[in-house]
Amino acid sequence: MKRRSLIAGNWKMHTTAGDARDLALAVATICSDIKDRDVLLAPPFTVLADVADSVENTGILVAGQNVCWEEKGAFTGEISPVMIKAAGGAAAIVGHSERRQIFLETDELINRRVSGGLSFGLTIILCVGETLEEREDGEAFTVLEKQVRRGLAGVHAADMAKVVIAYEPVWAIGTGRTASKEQAQEIHAFLRRLIAELYEKDIAAQTRILYGGSVKPTNIDELMAQPDIDGALVGGAALDAEIFGRIIAFK
Ligand code: PGA
């Protein structure tokens, strides 16, 4: 079974209302003829509604870059799943390595975000990835397995249709250093086997696993040609509509 591809743009802490709208509209124009793959934009929360408005009825999905597990309450600085939905979002990125490393989010906290987001009907893009040190120490598989097991703890099989995994080796994010297609495929195949073990084969076969880390127009084709790579989570290159458009139009 061929999974539908997903190209996601993570805008990180970039754009204010004017340039966010311009970028979203430019992406929507570039995507207007593309029907055989999904495109998702994850802008900062402050412009999420502007972006959702700009891409309304285009089929482009909009996501938050994080999500709290509660609907509302005393959670200063957090954004709830209900707020994301009300602003026009349908998804959230959770567990990005910048959240893990800079803001010290643990697997347990990330798991609460995953479960909470799912319980309100959001699609969740759960990011996992090893650091350079962990890879060099031969720990990559152990670290990834722990992140997936803990991140998905308590998530029911029925909710897995709304879960996307993003493999983002920390050493490849924003460094210009991409995992080779062989390195990425090896990890993606491992993650798919792990999902089959945690759930069942059919669920693993349906789960989309994205690659992220210095994805560019020059490496997207060979990455997407790998059997277990179903899409990309794109940072820097998603901030330029033309470059992002070339990634979306991968062969
Ligand atoms: P990058 O970021 O494409 O700029 O490496 C990817 C990400 O962090 O999601």
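The following exchange concerns the pockets and the ligand of a predicted model.

Biologist: What makes the space taken by the ligand a pocket rather than a cavity?

Modeller: The space taken by the ligand is the second largest pocket, and the word pocket is used because an open set of points is meant, whereas in a cavity the probe fits but cannot get out. About 250 Å³ of space lies in this second largest pocket, and 20 residues line it, with Lys12, Gly174, Ser214, Gly235 and Gly236 nearest its centre.

Biologist: Why is the contact of histidine 96 with the ligand called polar?

Modeller: A polar side-chain atom of histidine 96 lies 2.7 Å from an oxygen atom of the ligand, and a pair of N or O atoms counts as a polar contact within 3.5 Å, so this pair qualifies. The side chain of glutamate 168 likewise places an N or O atom 2.7 Å from an oxygen atom of the ligand, while glycine 174 does so with a backbone N or O atom, again at 2.7 Å.

Biologist: How do you know how much of the ligand is covered by the protein?

Modeller: On its own the ligand has 280 Å² of accessible area, and the protein covers 95% of that area.

Biologist: What makes a residue part of the shell around the ligand, and which come nearest?

Modeller: A residue belongs there if one of its heavy atoms lies within 4 Å of the ligand, and of the 13 residues around the ligand, Lys12, His96, Glu168, Gly174 and Ser214 come nearest. By class, this shell divides into four nonpolar, seven polar and two charged residues, and Gly174 is counted as polar because Gly is placed in that class.

Biologist: Which residues lie closest to the centre of the largest pocket, and what is its lining made of?

Modeller: The largest pocket has a volume of about 500 Å³, and of the 22 residues that line it, Phe45, Gln65, Asn66, Arg99 and Phe103 are the closest to its centre. Its lining has ten nonpolar, seven polar and five charged residues, whereas that of the second largest pocket has seven nonpolar, ten polar and three charged.

Key
Residues are numbered from 1 along each chain as its sequence is written. This is a predicted model: local features need pLDDT of at least 70, side-chain atom pairs count only at pLDDT 80 or more; totals for chains, interfaces and linings use all residues. Side-chain values use heavy atoms; hydrogens and water are left out. On a 1 Å grid over the protein atoms alone, a cavity is a set of points where a 1.4 Å probe fits but cannot get out, and a pocket is an open set with protein on both sides within 12 Å along at least five of seven lines; lining residues have an atom within 4 Å of a point. Grid points are joined across faces, edges and corners, and a volume is the space filled by probe spheres set on the points. A polar contact is a pair of N or O atoms within 3.5 Å; within protein, one must be able to donate a hydrogen and the other to accept it, and residues adjacent in sequence count only if both atoms are side-chain atoms. Accessible areas come from the Shrake-Rupley method with a 1.4 Å probe; for residues, only the protein chains shown count as cover. A molecule sits in a cavity or pocket if more than half of its atoms lie within 2 Å of its grid points.
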